[in-house]
Amino acid sequence: MTVPSPRPAVRVNAPTERRNPRTMDIDLLPTQEILRLINNEDRTVPDAVAATLPQLARAVDFAVAALRGGGKVHYVGAGTSGRLATLDAAELSPTFNAPDDWFLAHHAGGPAALIKAVENAEDDDEEGARVIREHAVAGDFVLGLAASGRTPYVLGALAEARRIGAHTGFVSSNPATASLVDVDVTIALETGPEAIAGSTRMKAGTAQKLVLTSFSTAVMIKLGRTYSNLMVSMRATNAKLRGRNVTILREATGLGEQECSDALQAADGDVKVALVCLLSGVDSAQAALALNETDGHVRDALVTLGAATR
């Protein structure tokens, strides 16, 4: 009988793999104290993200430029990173009515790995490179996520993205390793050791979730998918969301429910068109034309119509 060769092991020297001195006795504590220790660690995450805002802003600007130029934004990740990226990309269409192909998430192991881990998928750098060759082009923006800073699938994708002329960004909780990766912008998160050593679904994952949500929301804002802090591009797919659209119009204009409902109906359910009509006094056709000329920015459309100043 042939004895299979032992699979290679890799020892990762990352902050997330180290033992946390603050949680050494976590298994000896009452339930509420366990939760308190975890919560104390979680409270450090926003500060770690805040320290990377200049780099995150550069990533947003790369993504906005890619989308304005007809390109795409690609997320690349494995395990927790890939699942969080897939979730973020999936939520942009219903929230901001973003085209389905604006943000593409590439997860090591494919769709099946979103539910159950696929063995060795994250170690396949060639597969990461192949995914980018197949789906990305020069001028796109590719954002890789790897808490450890060493995931081969992600690094292979980023290297290929650089080769084809796409801009690249890298999100990692291993600053020392992340700084060595050849990308346009590095978002190195100092989340430190996890409450449970090596469990990057905890602080590192939370930091990635905050980065992704902030990143994609800022991109949507820059592309005119909001007005003030309101979701005026939202797709109303059920009764609750149709009611929310009327509420958005009321909050944005100060007008009554019936007037906003009538404007929304006249605009065939398009909140932006209805909003421009209500704030400028023009009809739906003029509002739609002004929005088309200003790439969907409500404020710019109002300026064009002489109804508001920046």
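Buried means under 20% relative accessible area, exposed means over 50%, and partly exposed is in between (1.4 Å probe, protein chains only). This is a predicted model, where local features need pLDDT of at least 70, side-chain atom pairs count only at pLDDT 80 or more, and totals for chains, interfaces and linings use all residues. Residues are numbered from 1 along each chain as its sequence is written, and side-chain values use heavy atoms, with hydrogens and water left out.

**Exercise 1.** Find where Asp-295 sits and decide whether Asp-295 is buried or exposed.

*Solution.* Start with the elements: helices (H or I, at least four residues) and strands (E, at least two) are DSSP runs, numbered from the N terminus. Asp-295 falls in the loop that links helix H12 (284-293) to helix H13 (298-304). Next, take its relative accessibility of 64%, so Asp-295 counts as exposed. Finally, look at the backbone: phi of Asp-295 is near 55°, a positive value in a residue other than glycine.

**Exercise 2.** Do the same for Asn-97: which loop holds Asn-97?

*Solution.* Go to the loop between helix H4 (79-96) and strand S2 (103-107), and there's Asn-97. Its relative accessible area is 35%, so Asn-97 is partly exposed. Its phi is also positive, near 55°, in a residue other than glycine.

**Exercise 3.** Check the length of helix H9 (residues 239-253) against its expected span.

*Solution.* The expected span of a helix is 1.5 Å times one less than its number of residues. For the 15 residues of H9 that gives 21 Å, and the end C-alpha atoms are 22 Å apart, which agrees.

**Exercise 4.** Work out which residues of H9 are buried and what they pack against.

*Solution.* First list the buried ones: Leu-241, Asn-245, Val-246, Ile-248, Leu-249, Ala-252 and Thr-253. Seen down the axis of H9, they fall within an arc of 155°, so they line one face of the helix; the arc is that of the directions from the helix axis to the C-beta atoms. Now find the partners, with contact meaning heavy atoms within 4.5 Å: the buried residues of H9 pack against helix H10 (257-266) and helix H11 (271-280). Then flip the helix over: Ala-239, Lys-240 and Glu-251 are exposed on the face turned away from the buried side.

**Exercise 5.** Zoom out and describe the whole chain.

*Solution.* Count the elements and you get 13 helices and 5 strands. Of the 310 residues, 45% are buried. Among contacts between residues at least 6 apart in sequence, 65% join residues at least 24 apart.
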